[in-house]
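Me: I would like to learn how to read a structure like this one, step by step. Could you take me through a few of its features?

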Amino acid sequence: MRTTLQRALTALLLTFSVATTLPASAQSVPGVQGPVPIGLPNRLLIGLFEEAGQNWMRDSGVPWDVRYRYFTKGWVDNWGWGPYDGSWGATFMQESFTQGYIAAPVFYQLFSEPGGGEGESLAKVQNATTMRSYFSDVRLLMQRAKEHGKPVLVLIEPDAFGLLQFQTNSNPNAYAAVAATGLPELANLPNTVAGWGQAFLQMRKAVGANNVILGIHVSAWASGKDISCCSVTDPLQPEVDKVVNFLKPMGLGPNTTGATYDVLVGDPLDRDADFYKLTRAQDVWWDMSDTASISSRSFNRYAEWLRLMNVTSGKRWVLWQIPLGNANHRNINNDGTARAGYRDNRTEYFFGALGDLHRRKFANSGVIALLFGAGAGGQSSYQNDQAGDGQPYVKSRAGTFLRAGGLTLPATGTTLPPPGSGTDGGTPGGTDAGTGSGDGGTSGTDAGTGGGVDAGTGGTDAGTRGDAGTGGTDAGTGGTDGGTGGSTRGYGFESSTEQWTASGAPLKTVSTSTTRAYEGKRSLAVPFSGTAGTGMAVVSTATVPRGATVTFRVWIPSGSRITAIQPFALEGAAGGWRYTGRWTGISSLKTNAWNTVTLTLPSASTTPLFQLGVELTTSGSWTGTVHLDGISW
């Protein structure tokens with residue numbers, strides 16, 4: 001959301017400079033920091049806003065990744081049309097999953113709580129009665145998400161953290177009613193603004209909603225300088241430090257809950273750029289040129305701010321509410337007719353001629369998801385965004401990108417190479433047959449928004465790094481199957497670990513064990529070290545056939561602190577480093593028994609796999625042992 005404060009800052013601070021030389025920090029980007037949260041695929045996610053009950057995404061034929069919707073005040077009882085139990089939210093999550101998407105509730109409730117609007121944010125969090133009701137609703141959201149049992153991406157309170165920073169003068173120790181609400185789950189948290197931020201983490205923990213991925217919203221103006229449109233000559237790192245230092249005690253950094261937020265969340269703009277230019281005389285267009293200075297209103301400046309936030313916080317980014325305008329829109333209030341809505345260039349930036357280059361640039365800044373949707377009425381929409389070739393812009397361009405396999409994200413400490421470098425053939429950019437003759441707002445020559453034919457960046461994404469380890473012999477998968485029977489290939493662990501290993505702090509060295517077996521006499525023992533987190537038992541170069549279904553048998557003892565398991569397959573460079581996983585929460589598993597879980601690979605998967613394995617997540621210290629056996633296909 002673009003708040004009243006942000007609009008005021010825009011009006012007061014609207015200045016920008018002529019491009020200067022791009023600094024070394026923007027030319028040579030160091031490795032991305034922080035992991036991709038457990039439960040999310042290791043590729044760039046593309047999603048849309050869609051109301052509950054609607055089916056446009058499903059009927060589009062595009063394999064979208066994420067479906068988001070605002071959860072405003074009143075969602076718990078369907079705004080008076082249902083029971084006060086959060087069942088409306090549960091229905092949205094299940095509906096999204098049934099249609100093939102990760103549900104992403106945007107919890108946006110504070111501003112509609114009684115007592116005023118945005119300007120009263122601090123006063124509201126200081127009201128114990130208001131916060132008791134508010135966090136009771138948070139608890140319901142976590143309970144319904146836990147019952148959902150699949151990954152849920154919850155984006156917390158757009159702009160509220162920025163407003164609280166502004167209204168407290170960057171003091172996270174200002175008073176807020178947290179323990180004072182009387183809610184038992186929050187009894188041990190401080191009555192401060194920092195405690196307010198931690199309360200979302202604590203409620204997730206208390207409910208046991210370990211499948212919830214929590215995002216903390218970071219406004220581009222939170223430091224008091226709007227780095228995205230107005231304060232474009234100010235150095236970025238001081239503004240980043242100011243925001244990160246405020247958010248760390250709120251849950252971005254270590255705190256009393258023992259957990260932190262999983263991702264940063266940002267919105268590049270809430271309305272189309274020409275809406276601001278034509279109706280409010282505000283120029284918020286970004287220069288698409290890849291040589292634009294980071295001291296100008298440009299995608300380069302925003303990407304550099306994202307990168308610095310990523311490096312400083314150690315968290316990756318989800319970008320949402322990205323405007324949907326393109327250069328072919330008619331700059332009118334959207335009435336549903338073709339091309340109605342206002343112009344913008346963000347969809348063209350990510351899906352136009354240089355889309356592959358730009359997606360990689362933002363992935364190297366820590367971005368793991370691009371979610372598109374209008375933040376207000378009258379704006380451009382994906383339902384009528386007809387391009388110059390007569391095709392729906394986002395549907396056709398994003399569809400081409402997603403059906404080609406998308407873009408694998410850089411591992412921690414690494415960056416993706418430019419398209420076409422090394423073994424990487426580049427992900428398809430889609431065919432953009434012209435989106436108009438101009439961007440309707442940028443000054444000078446915009447090297448990425450011109451009309452004409454956007455021929456795409458071509459090629460199939462052959463990966464982003466060397467395919468290490470896929471050329472040797474697959475020890476253990478081609479010989480005798482020690483327990484899975486017949487000619488089925490797999491791992492039975494009857495004579496050795498068959499080159500399976502453990503990685504991650506929660507796990508110790510694996511071994512074969514006669515303690516229990518699914519078939520035969522032995523299984524693979526996977527001992528835990530007592531450190532909470534996620535580890536994985538894994539084998540390299542498994543020769544699993546294309547499109548095969550892999551069956552895993554997993555023994556979990558009672559009393560474990562395990563919250564979820566996820567069998568997964570990671571393809572190598574030839575498969576674009578595609579990750580396929582199947583998350584299973586502990587509530588769906590039996591203890592002191594063998595659990596059978598399966599994973600079906602894409603029909604076009606490559607073989608051998610770079611890795612085949614099982615991720616195991618714990619919520620606390622535990623030193624027991626899990627057993628794997630009967631892994632077959």
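Me: Which strands does helix 11 lie across, and at about what angle does helix 11 run to strand 7?
Reply: Keep in mind that this is a predicted model. Helix 11, which covers residues 299-313, lies across strand 6 (263-266), strand 7 (316-322) and strand 8 (367-372), and its direction makes an angle of about 140 degrees with strand 7.

Me: What do the eight strands form, and in which sense do they pair?
Reply: They make a closed barrel in the order 1-2-3-4-5-6-7-8, with parallel pairing. On average, neighbouring strands of this sheet are turned by 25 degrees against each other, if direction is ignored. To take one pair, strand 1 (residues 45-49) and strand 2 (residues 66-71) are joined in the parallel sense over three bridges, and here Leu-48 is found opposite Arg-67 in strand 2.

Me: How is empty space found, and how much of it lies in the second largest pocket?
Reply: The general idea is that a probe the size of a water molecule, rolled over the atoms, shows where empty space is left. In this model, the second largest pocket holds about 1,000 Å³ of space. It is lined by 40 residues, of which Pro-41, Arg-43, Gly-100, Ile-102 and Gly-581 are the closest to its centre.

Me: Which element gives the largest share of that lining, and what kinds of residue does the lining contain?
Reply: Strand 18 gives the largest share, with four residues, while the elements that each supply at least two include helix 6 (128-148) and helix 14 (393-403). By kind, the lining of this second largest pocket divides into 16 nonpolar, 16 polar and eight charged residues.

Conventions:
Residues are numbered from 1 along each chain as its sequence is written. This is a predicted model: local features need pLDDT of at least 70, side-chain atom pairs count only at pLDDT 80 or more; totals for chains, interfaces and linings use all residues. Side-chain values use heavy atoms; hydrogens and water are left out. Two strands pair if DSSP finds at least two bridges between them. Axes are lines fitted to C-alpha atoms, for helices over the stretch in contact, and angles run from 0 to 180 degrees between N-to-C directions. Contact means heavy atoms within 4.5 Å. On a 1 Å grid over the protein atoms alone, a cavity is a set of points where a 1.4 Å probe fits but cannot get out, and a pocket is an open set with protein on both sides within 12 Å along at least five of seven lines; lining residues have an atom within 4 Å of a point. Grid points are joined across faces, edges and corners, and a volume is the space filled by probe spheres set on the points. Ala, Val, Leu, Ile, Met, Phe, Trp, Tyr, Cys and Pro count as nonpolar, Asp, Glu, Lys and Arg as charged, and the others, Gly among them, as polar.
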